[in-house]
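Me: Hi! I have a chain open on my screen and would like to talk it through with you, one question at a time.

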Amino acid sequence: MKTWLSKLARIGGASVALTLAVAMGPAHADEGFALDRAPNNTHDIAALQHGAQLFVNYCLNCHSANLVRYSSLEQIGISQKEIEQNLLFTTDKVGNTMTVAMRPDDAK
């Protein structure tokens, strides 16, 4: 599970910034007020599953996770059947990497 989480943390700048903020403790914004510390509970399987669902439904439209395969979601308790029914919206297969359908030219 920690391998999958470390791959997911590499997805985008926001994920990396959040990971650093959690690891370094409370941070201060440019305006000078303290930011809340994000929860870091890798043992909450329901939260991890919900986060994976949110990422696939909203973030994967623009942000690739090409270092992560859909099958790695099985490590957090999501079955292959659940992945196929709820998280695959195109012709992807469970063994494929989580890539963006958007062409690079469109992203520019």
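Me: Does cysteine 62 count as buried or exposed, and what is its relative accessibility?

Reply: Happy to help, and please keep in mind that this is a predicted model. Cysteine 62 is found in the loop between helix 3 and strand 1. The cut-off for exposed is over 50%. Cysteine 62 passes that cut-off, so the residue counts as exposed, with a relative accessibility of 52%.

Me: Which residues does cysteine 62 touch, leaving out residues up to four places away in sequence?

Reply: A contact here means heavy atoms within 4.5 Å. With residues up to four places away in sequence left out, the partners of cysteine 62 are Val100 and Met102.

Me: At which residues does UniProt place the feature "binding site"?

Reply: The feature comes from an unreviewed UniProt entry. Cysteine 59, which lies in helix 3, is one of the positions in that record. The full list in the record is Cys59, Cys62 and His63.

Me: Is cysteine 59 buried, partly exposed or exposed?

Reply: Buried means under 20% and exposed means over 50%, with partly exposed in between. Cysteine 59 has a relative accessible area of 33%, so its class is partly exposed.

Me: What pattern does the chain follow when read along the sequence?

Reply: There are 5 helices and 2 strands in the chain. Helix 3 covers residues 45-59, and strand 1 covers 65-69. Helix 4 spans 80-86, and strand 2 spans 97-98. Read along the sequence, the pattern is α-α-α-β-α-β-α.

Me: What share of the contacts with a separation of 6 or more comes from residues 24 or more positions apart?

Reply: For context, the chain has 108 residues, of which 23% count as buried. Among contacts with a separation of 6 or more, residues 24 or more positions apart account for 63%.

Me: How far apart in space are leucine 54 and leucine 87, C-alpha to C-alpha?

Reply: Leucine 54 is found in helix 3, and at 36% relative accessibility it counts as partly exposed. Along the sequence, leucine 54 and leucine 87 are 33 residues apart. Their C-alpha separation in space is 9.7 Å.

Me: Is phenylalanine 55 buried or exposed?

Reply: Phenylalanine 55 is also placed in helix 3. Its C-alpha atom is separated by 9.8 Å from that of leucine 87, 32 residues away along the chain. The relative accessible area of phenylalanine 55 is 11%, and the cut-off is under 20%, so this residue is buried.

Me: How many nonpolar, polar and charged residues are in the lining of the second largest pocket?

Reply: The second largest pocket has a volume of about 210 Å³. Its lining includes Val56, Leu87, Phe89 and Asp92. Tyr70 and Leu88 are also in the lining, and lysine 93 touches both of these residues. By class, the lining has 8 nonpolar, 3 polar and 1 charged residues.

Me: How far apart in space are lysine 93 and arginine 69, C-alpha to C-alpha?

Reply: Lysine 93 lies in the loop between helix 4 and strand 2, and it is exposed, with a relative accessible area of 58%. In sequence, lysine 93 and arginine 69 are 24 residues apart. In space, the C-alpha distance is 9.4 Å.

Me: Which residue forms a salt bridge with aspartate 106?

Reply: Side chains of opposite charge can pair when their charged atoms come close. The count in this model comes to 1 salt bridge. Aspartate 106 is partly exposed at 47% relative accessible area, whereas its partner is exposed at 55%. The closest N and O atoms are 3.1 Å apart, within the 4 Å cut-off, so the partner is arginine 103.

Me: One last stop: what separates the C-alpha atoms of histidine 43 and isoleucine 76 in space?

Reply: Histidine 43 sits in the loop between helix 2 and helix 3. At 62% relative accessibility, histidine 43 counts as exposed. Isoleucine 76 is 33 residues away along the chain, and the C-alpha separation is 9.4 Å.

How values were computed: Residues are numbered from 1 along each chain as its sequence is written. This is a predicted model: local features need pLDDT of at least 70, side-chain atom pairs count only at pLDDT 80 or more; totals for chains, interfaces and linings use all residues. Side-chain values use heavy atoms; hydrogens and water are left out. UniProt positions are given in the numbering used here, feature names are shortened, and annotations may be inferred rather than shown by experiment. Helices (H or I, at least four residues) and strands (E, at least two) are DSSP runs, numbered from the N terminus. Buried means under 20% relative accessible area, exposed over 50%, partly exposed in between (1.4 Å probe, protein chains only). On a 1 Å grid over the protein atoms alone, a cavity is a set of points where a 1.4 Å probe fits but cannot get out, and a pocket is an open set with protein on both sides within 12 Å along at least five of seven lines; lining residues have an atom within 4 Å of a point. Grid points are joined across faces, edges and corners, and a volume is the space filled by probe spheres set on the points. Ala, Val, Leu, Ile, Met, Phe, Trp, Tyr, Cys and Pro count as nonpolar, Asp, Glu, Lys and Arg as charged, and the others, Gly among them, as polar. A salt bridge is a side-chain nitrogen of Lys or Arg within 4 Å of a carboxyl oxygen of Asp or Glu.
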